[in-house]
Amino acid sequence: MKFEKKILCIGAGYVGGPTMAMIAANCPQYKVTVVDINKQRIDAWKSQNLPIYEPGLLETVKTGRGRNLFFSTEVTKGIKEADIIFVAVHTPTKAFGHGAGMAADLQHWERTAHEIVKHSNSNKIIIEKSTLPVRTAEAMERILQANDKNIHFDVISNPEFLAEGTAIADLKNPDRVLIGSRETKEGIKARKTIVDVYANWISRKRIIESNVWSAELSKLIANAFLAQRISSINSISALCEKTEADVGEVAYAIGTDSRIGSKFLKSSVGFGGSCFKKDILNLVYICHGYGLTETAEYWESVVKINEWQQDRFVKTMLQNMFNTVADKKIAILGFAFKADTGDTRESPAISVCKELLEEHARLNISDPEAIPNAKMELAEAIKQGTGKVEFHKDPYEACKGVCAIAVLTEWEEYKSLDFKKIFNNMKKPAFIFDGRNILDHKKLFKLGFNVFPIGKSALKHY
Ligand SMILES: NC(=O)c1ccc[n+]([C@@H]2O[C@H](COP(=O)([O-])OP(=O)(O)OC[C@H]3O[C@@H](n4cnc5c(N)ncnc54)[C@H](O)[C@@H]3O)[C@@H](O)[C@H]2O)c1
């Protein structure tokens, strides 16, 4: 079959895989190829067991796979034949050298830029899909234009706003798609080409066009604002616990004000995920680079509150379990950073579990999707051997014989567990720490539990 355009995506991760599956499903006229250097990941994309869990993903992949959606490790071949290249490689926080722990590590991104120049024989549009520091397009252009093949590259910023757990719904029906370019004749022409790709299934009213720097910066700022709302309500949760106010009632009361809005006001043990912390720290680093100390400090406090909230959760556990959890069995319900994903990157469960292990607790960890990742996250802590860890897919097994339960992910199925049965199989006094405020606290208290929600008075039998 002859395709109208050939689209390549470099990076077959949480962003590259689902976004390209969505483009392929909605644009049978384009050939969409996703390449990655990780063969295991590519093999999984070709199978029934996709490398990531996301509701609706397998069906979307299957719509295009073998028809106009292809997964491959042949990066060079993919670059040669593509008209449009999305770059969706990871851009983690730098772990070494200058800017370590703050700046974005751009080595994977830069490597792809060099690969593109090396293997291209024709003009191409290059799209920044990864989240990058503002003004990265300038560096990308400098690398790409340094070719002696007389090839022209247009660099577009098209940041991804999908949320894990709802990626397919978000991609199908996004609030907006943002496409930024240089405001030159060629830049605007390239931008229109990408607008036309998305317009195959998204209303043009929802496609925002901007200059390339605004697009790059908007992604960092969107994540910073989302995380800021969580840290704002979490900071208030501590005050609620001291004053008998109920954080849920406060969030509802303020959220009905249309100027504030009700979303992202749910108090919890803290936010996680691969993006929020990394993107805010990157923003902080950029601000320091421009000498904007106050702006940097303002946003850094969002991350600090998140760390404090996780630490506060563990302290509440310790204080109420007679200041020691040594050798005590504790069930951890949920390890993923949020429901409907197996992703555990920056999950609050990691720091909570590590702190409990440092206190020599014995943990029974349960999660419907995240146990393989949880094992990797805790491998080092387990090796050090202060505490002991067991993994049980079945939450009832995880709760057998424990003296406390900590709910760390808001999986729907935890709401309907038979807590009477669970209580009967626990050591007494039985404690439950609801880090996501998803359970019926009064009902649990009546069953005999000592209940510790976030931002609400504890319900104690003593
Ligand atoms: N995960 C999210 O929810 C999300 C949402 C929006 C934006 N983002 C951003 O998207 C980017 C990708 O995130 P992700 O979660 O998909 O990362 P990921 O780690 O899941 O995937 C990145 C993939 O790129 C591959 N890769 C790296 N270098 C390569 C190279 N030179 N050639 C071929 N493949 C290469 C890796 O092997 C990996 O499979 C990041 O910048 C992230 O900040 C992520």
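**Exercise 1. The kink in helix α9**

Task: In this predicted model, find where the kink in α9 is centred and how many degrees it amounts to, and then compare the reach of the helix with the expected value.

Solution: Begin with the kink, which is about 25° and is centred on Ser-218. Next, take the helix as a whole: α9 covers residues 212–243, which makes 32 residues. From its first C-alpha to its last, α9 reaches 47 Å, and this is close to the 46 Å expected at 1.5 Å a residue. Finally, look just beyond the end of the helix, where Glu-244 takes a positive phi of about 65°.

**Exercise 2. Helix α9 against helix α12**

Task: Decide how α9 is oriented relative to α12, and state which residues of the two helices meet.

Solution: The first step is the geometry, in which α9 and α12 pack at an angle of about 45° with their axes 9 Å apart. Since angles between 35 and 65 degrees fall into the oblique class, α9 is therefore oblique to α12. The second step is the handedness, and here α9 passes α12 in a left-handed crossing. The third step is the contact itself, where Ala-224, Ala-227, Gln-228, Ser-231, Asn-234, Ser-235 and Ala-238 of α9 meet Trp-299, Val-302, Ile-305, Asn-306, Gln-309 and Arg-312 of α12. Sorted by class, this contact has six nonpolar, six polar and one charged residues.

**Exercise 3. Helix α11 against helix α12**

Task: Work out whether α11 and α12 are roughly parallel or roughly antiparallel, and describe the classes of residue in their contact.

Solution: Helix α11 spans residues 276–289 and helix α12 spans residues 293–320, and the two pack at an angle of about 165° with their axes 8 Å apart. Because an angle over 145 degrees counts as roughly antiparallel, α11 and α12 are roughly antiparallel to each other. Their crossing is left-handed. On the α11 side, the residues in contact are Lys-277, Ile-280, Leu-281, Leu-283, Val-284, Cys-287 and His-288, while α12 contributes Thr-293, Thr-295, Ala-296, Trp-299, Glu-300, Val-302 and Val-303. These residues divide into nine nonpolar, three polar and two charged.

**Exercise 4. Helix α1 against helix α3**

Task: Describe the packing of α1 and α3, and say how many charged residues their contact has.

Solution: Helix α1 (residues 16–26) and helix α3 (residues 57–64) pack at an angle of about 50°, and their axes are 8 Å apart. That angle makes α1 oblique to α3, and the crossing of the two is left-handed. The contact is formed by Pro-18, Ala-21, Met-22, Ala-24 and Ala-25 from α1, together with Leu-57, Thr-60, Val-61, Thr-63 and Gly-64 from α3. Counting by class gives seven nonpolar, three polar and no charged residues.

**Exercise 5. Two backbone details in loops**

Task: State which peptide bond is described as cis, and where Phe-264, with its positive phi, is placed.

Solution: Recall first that most residues other than glycine have a negative phi, and that most peptide bonds are trans. The bond from Lys-428 to Pro-429 is cis, with omega near 0°, and Pro-429 lies in the loop between α17 (419–424) and β13 (431–434). Phe-264, a residue other than glycine, has a positive phi near 60°, and its place is in the loop between α10 (247–255) and α11.

How values were computed: Residues numbered from 1 in each chain as written. Predicted model: local features only at pLDDT ≥ 70, side-chain atom pairs only at ≥ 80, totals over all residues. Axes fitted to C-alpha atoms, helices over the stretch in contact; angles between N-to-C directions. Helix = DSSP H or I, 4+ residues; strand = E, 2+ residues; numbered from the N terminus. Parallel < 35°, antiparallel > 145°, perpendicular 65-115°, else oblique. Left-handed = near helix turned anticlockwise from the far one by under 90°. Contact = placed C-beta atoms within 7 Å. Nonpolar A, V, L, I, M, F, W, Y, C, P; charged D, E, K, R; others polar. Expected span 1.5 Å × (residues − 1). Bend = angle between axes of the 7 residues up to and from the residue.
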